[in-house]
Amino acid sequence: MTFVVPDLEIYKPPSLGKGAKAPSLRSKVLGAIIPLIACLYVGLVILTPALSVVVQAFAKGVQPFLENLSSPDLLSAVKMTLLTAAIAVPANTIFGLAAATAIARKKFRGKALLLSIIDLPFSISPVVVGLMLVLLYSPNHGVFGGVINSLGWKIIFSWPGIVMATIIVTFPFMAREVIPLLEEEGWEQEEAAKTLGANDWQVFWKVTLPSVRWAALYGLILTTARALGEFGAVSVVSGNIRGETQTLPLFVEDAYKQYQTELAFGAAAVLGGVALVSMLLKFVVEQLLEQDKKAHQIKSDA
Amino acid sequence: MAPAWLRSGKLPQLKLPSWPWRITWLYLGFVLFLPLGAISLRAAGVGPTGFWELATTPEAIATYKLSFGLALLASLINGLFGLVIAWALVRSRFPGQRLLDSLIDLPFALPTAVAGLALAAVYSSENGWLGEPLYRLFGIKVAFSAVGVGVAMVFISLPFVVRTVEPVLRSLEKEQEEASWCLGASQVQTFIRVVLPQLLPAILGGVAQGFSRAVGEYGSVVMISSNIPFVDLITPTLIIQKLEEYDIDGATVIGSVMLLFALVSLLVINLIQVWGQRYQATSSGVG
């Protein structure tokens, strides 16, 4: 399907007699201009910067790119990032599913407020999230500073702080994806399972979870992608020590500041690749989600 | 309309076990209420006069002006172009439409540090693909200036309006527009009188979300800005600078200002959504 800009000279105005549907010259020109503006704008604002990362990362070929990736500082940053995600994502998955089963099927006063509270981390600046953790756990300025000092723990400028910052920034994703789906569905299947003697745990595993599986997977992808890429909140609490408390996004900025441009672009290309994979997975799960929704509609219509 | 199980009064038997609630409250308390309490406590300790003084230092006010001003500009630009892009995605068919659609999500998916690096490279006045010609031809310095901060904000707030307008535009009934044409309205009149009012809540909602995101954005901005006070320093970066100088009270107060803004913007976005739903409900009720 292509759009054609009509040639002004051979264009014949539509005759009024033959149905009113023939598009006017203006609407045809408009029909071509709008996609053109959209493509130019997105090309300029999004595509050009994205392409530049790829080009710069592979500017000297694949071999130097791979050599850059084996830099020990970069590898340690990768490890830190993976560790963070390995803790934050499962924790947020448990919370998300628990919150969804608790909230979705109940009507109570303040439900909208509670949902807004869960959404709060999306509106708070990541830097403020980091600041709040410093005010809570910093050994010198934190509310719990004394307790943490006496226990000999290290939270700020160490991995627990990084993990906590990541958890705060990413916890709403799962609940947000699963709650609407649970709200749409009725109680009947759970009711039936209970009547047949299933306990709460069985009902959750065998009925509730399967019915929201694609939405949960979608939430999982969003959580993971954001956990791997979080920068602002983590940069406040990490201390940014190379080879120790640096995550991959922090490494990108640090390498760029130290004029290790190739290293920065190499790490950025890795993160960009992760982002592309997450987008691809999202697309696949979206299709599955849609299929499921249709199947549900057919079932409830019948 | 209450669902059947609610009206039949069977709810008490089916009450969910309390452990999901326990996990929810415990988790929220730990990761959200506790940190919020810490910043409130510290801000309260500063006292009202001290708070006002620290919140309105000339340096802080300069960052508010820059952050809020540029974020507003960026979100309004995206309000206009977001509408155009949504229109292109819904109402036209052209090659590369699929690609355009997926590119829109890139600012959501791309880690902000990567976005910052990409923007700093592309808009560099020395050798950037776009920055160099802009500097040579028009003398505009984008990277390491306030213009660059604006460009980064445009980048990260682009998806919001597109993604809020798209579903509403898709659900519009073409019959209304056809009726308007049949009654003699021009296309421009039809757009302004019939289409635009129905899209307005979605556009406003998207602009508000983009604005809120751009004000709080740090990662992509910090790399393209030179972070010089009164020139191109944004509020989140000021908070980090205060923390690095061990000015904890200063950081807390400015952080609280940002937090209050986040609460207000969340409220406004919710109100716009409620308004939009009501609008849709009444218009489909009439139609």
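Chain B is built from helices: there are 15 of them, and zero strands. The model is a predicted one, and the predictor scores the complex with an ipTM of 0.88 and a pTM of 0.87. For chain B the pLDDT averages 89, with 91% of the residues at 70 or above. Confidence does vary along the chain: among its elements, helix α5 (residues 58-91) of chain B comes out with the highest mean pLDDT, at 96, while helix α2 (residues 11-14) of chain B sits at the other end with 49.

As for overall dimensions, the C-alpha trace of chain B spans about 65 × 65 × 35 Å along its principal axes. Of its 287 residues, 44% count as buried. Contacts in chain B reach well along the sequence, too: taking those with a separation of 6 or more, 74% join residues 24 or more positions apart.

Helix α6 (residues 97-104) of chain B shows how burial can be split around a helix. Its buried residues are Leu100(B), Leu103(B) and Ile104(B). These three cover an arc of only 105° around the axis, so they end up on the same side of α6(B). That fits the usual helical geometry: with 3.6 residues a turn, residues three or four places apart point the same way. Over on the other side of α6(B), Arg98(B) and Leu99(B) are exposed.

Turning to the interface, 73 residues of chain B are in contact with 69 residues of chain A. On the chain B side, the top contributor is helix α3 (residues 19-46) of chain B, which supplies 14 residues. Sorted by class, this side of chain B has 57 nonpolar residues, along with 13 polar and three charged ones.

Chain A, for its part, divides into domain 1 (1-57) and domain 2 (62-301). Contact between the two involves four residues of domain 1 and six residues of domain 2. The domain 1 side of that contact has three nonpolar residues and one polar residue, with no charged ones.

Then there is the nonpolar interior. The largest nonpolar core has 165 residues, and those with the most contacts inside it are Leu131(A), Val252(A), Ala267(A), Ala268(A) and Leu117(B). Domain 1 (1-57) and domain 2 (62-301) of chain A both give residues to this core, which is why it lies between them. Ala267(A) gives a closer look at the packing: setting aside neighbours within four places in sequence, Ala267(A) is in contact with Leu74(A), Leu248(A), Phe251(A), Val252(A) and Ala255(A).

Key:
Residues numbered from 1 in each chain as written. Chains lettered and ligands numbered in written order. Predicted model: local features only at pLDDT ≥ 70, side-chain atom pairs only at ≥ 80, totals over all residues. Contact = placed C-beta atoms within 7 Å. Helix = DSSP H or I, 4+ residues; strand = E, 2+ residues; numbered from the N terminus. Nonpolar A, V, L, I, M, F, W, Y, C, P; charged D, E, K, R; others polar. Core = buried A, V, L, I, M, F, W, Y, C linked by C-beta atoms within 7 Å. Buried ≥ 20, exposed ≤ 12 C-beta atoms within 10 Å, placed from the backbone. Domains from an automatic or database assignment. Arc of directions from axis to C-beta. pLDDT = per-residue confidence, 0-100.
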